[in-house]
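Happy to go through this one with you. Let's take the labels one at a time and ask what stands behind each.

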Amino acid sequence: MRIKLRYFAALRERLRRSEEMFEVPADATVATVWEMLKKQHPELGVMERSIAFAVGQEYVDKTHPLQDNDELAFIPPVSGGGADSFCTPGAFITRLGGGQQDAGRR
């Protein structure tokens, strides 16, 4: 199945792209895709503990199952990288094109 991968912040800079289509097995989870990505780009391993994942603009964990045409976003910490420095869900939606009115409701 095919899914769209979206990369943000430092991850986007390391990979030199903001998105790409990715072919994954039918039973893939977020963890499956992250492992596939790390095999292609071993330098991403240093981000393992601090990265957040979102599918369809909702934060998920690595066990989340994926479906054909899903959009999987990889979101590293912003502004220095502390555990509490991830984009808030509202900021994430705004960043993906939701609008200020959507961000204020989250």
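Q: Why is R17 called partly exposed?
A: In this predicted model, R17 has a relative accessibility of 27%. Partly exposed covers the range between under 20% (buried) and over 50% (exposed), so R17 at 27% counts as partly exposed.

Q: What makes R17 and E20 a salt bridge?
A: The closest N and O atoms of R17 and E20 are 3.1 Å apart. A salt bridge needs a side-chain nitrogen of Lys or Arg within 4 Å of a carboxyl oxygen of Asp or Glu, and therefore the pair R17 and E20, at 3.1 Å, qualifies.

Q: How do you know that R2 and E23 form a salt bridge?
A: By the same kind of check: their closest N and O atoms lie 3.8 Å apart, and the cut-off is within 4 Å. R2 belongs to strand β1 (residues 2–7) and E23 to strand β2 (residues 19–23), so this pair ties together parts that are 21 residues apart in sequence.

Q: Why are R2 and E23 each given the label they have for accessibility?
A: R2 has a relative accessible area of 40%, and E23 has 47% relative accessibility. Exposed would require over 50% and buried under 20%, so R2 is partly exposed, and E23 is partly exposed too.

Q: What makes E71 and R6 a salt bridge?
A: Their side chains meet at 3.8 Å, N to O, and the limit is within 4 Å. E71 sits in strand β5 (residues 71–75) and R6 in strand β1, so many places along the chain separate them: 65 residues.

Q: Are E71 and R6 buried or partly exposed, and why?
A: The dividing value is 20%. E71 has 22% relative accessibility, so E71 counts as partly exposed. R6 has a relative accessible area of 16%, so R6 is buried.

Q: Which residues are linked with R6 in a network of salt bridges?
A: R6 is linked with K4, E19 and E71 in that network. The structure holds eight salt bridges.

Q: Why is M47 called buried?
A: M47 has 7% relative accessibility. Buried means under 20%, so M47 counts as buried. M47 is placed in the loop between α2 (30–40) and β3 (52–55).

Q: What is M47 in contact with, leaving aside its neighbours within four places in sequence?
A: M47 is in contact with A10, L11, R14 and P76. One of these, A10, is 37 residues from M47 along the chain, and their C-alpha atoms are separated by 9.5 Å.

Methods: Residues numbered from 1 in each chain as written. Predicted model: local features only at pLDDT ≥ 70, side-chain atom pairs only at ≥ 80, totals over all residues. Heavy atoms only, no water. Helix = DSSP H or I, 4+ residues; strand = E, 2+ residues; numbered from the N terminus. Buried < 20%, exposed > 50% of the residue type's maximum accessible area, 1.4 Å probe, protein only. Contact = heavy atoms within 4.5 Å.
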